Amino acid sequence: MAFYQSIAPYYDYIFPPSEAQLEFVKNETGGLDDKRILEAGCGTGNLARMLCREGADVDGIDLDEEMIRKAQEKSAGMENLNFRQLDILNIDETWPAS
């Protein structure tokens with residue numbers, strides 16, 4: 001985790017938000033209105049915020065607490081958008097299989 005903590009201040013420059021990512025998700029889901037999306041490995045939340053602005057309810061998870069802190073900070077006040085530090089291997093503890 002030390003690596004991601006070390007690049008956290010520069011993450012948005014290294015991995016800038018991408019309209020192509022947004023369009024891919026919109027096309028694959030048939031639109032984002034009334035969709036609930038989990039972004040695993042959300043980093044600082046760029047894609048999650050874009051998805052939320054397009055009408056989706058989004059939960060973003062990342063293993064690195066600094067990434068989650070930055071995502072929460074950048075997304076303050078946005079409804080239908082939640083971030084939490086979580087190991088994807090433990091995802092069933094938060095969202096049990098149906």
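Which residues form a nonpolar patch on the surface? They are Tyr10, Tyr13, Ile14 and Phe15, with about 510 Å² of accessible area together. Patches here are built from residues with over 30% relative accessible area and no salt bridge, joining nonpolar side chains (Val, Leu, Ile, Met, Phe, Trp, Tyr) within 5 Å and like charges within 9 Å. Areas follow the Shrake-Rupley method with a 1.4 Å probe, and for residues only the protein chains shown count as cover.

A word on the model itself. It is predicted, so local features need pLDDT of at least 70 and side-chain atom pairs count only at pLDDT 80 or more, while totals for chains, interfaces and linings use all residues. Residues are numbered from 1 along each chain as its sequence is written, and side-chain values use heavy atoms, leaving out hydrogens and water.

Within the patch, Tyr13 lies in helix H2 (residues 11–14); helices (H or I, at least four residues) and strands (E, at least two) are DSSP runs, numbered from the N terminus. Tyr13 counts as exposed because its relative accessibility is 71%, where exposed means over 50%, buried under 20% and partly exposed in between (1.4 Å probe, protein chains only).

Phe15 also appears in the lining of the largest pocket, alongside residues including Tyr11, Pro16, Glu39 and Leu47. The volume of this pocket is about 170 Å³, and its lining has 6 nonpolar, 5 polar and 1 charged residues.

Now to the charged pairs. The whole structure holds 6 salt bridges, each a side-chain nitrogen of Lys or Arg within 4 Å of a carboxyl oxygen of Asp or Glu. Lys26 is a good place to start: its side chain meets that of Glu23 at 3.4 Å, N to O. These two are 3 residues apart in helix H3 (residues 19–29), so about one helical turn separates them. Lys26 also bridges to Glu54, again at 3.4 Å, N to O. That pair links distant parts of the chain, 28 residues apart, with Glu54 in the loop between helix H4 (46–53) and strand S2 (57–62). Lys26 is partly exposed at 23%, as are Glu23 at 33% and Glu54 at 35%.

Helix H5 (residues 65–74) offers another bridge within a helix: Arg69 and Glu73 sit 4 residues apart there, about one helical turn, and their closest N and O atoms are 2.9 Å apart. Arg69 is partly exposed at 35%, whereas Glu73 is exposed at 52%. Shared partners, meanwhile, join Glu23, Lys26 and Glu54 into one network of salt bridges.

Methods: 1 Å grid on protein atoms, 1.4 Å probe; cavity = no way out; pocket = protein on both sides within 12 Å on 5 of 7 lines; lining within 4 Å. Points joined across faces, edges and corners; volume = space filled by probe spheres on them. Nonpolar A, V, L, I, M, F, W, Y, C, P; charged D, E, K, R; others polar.
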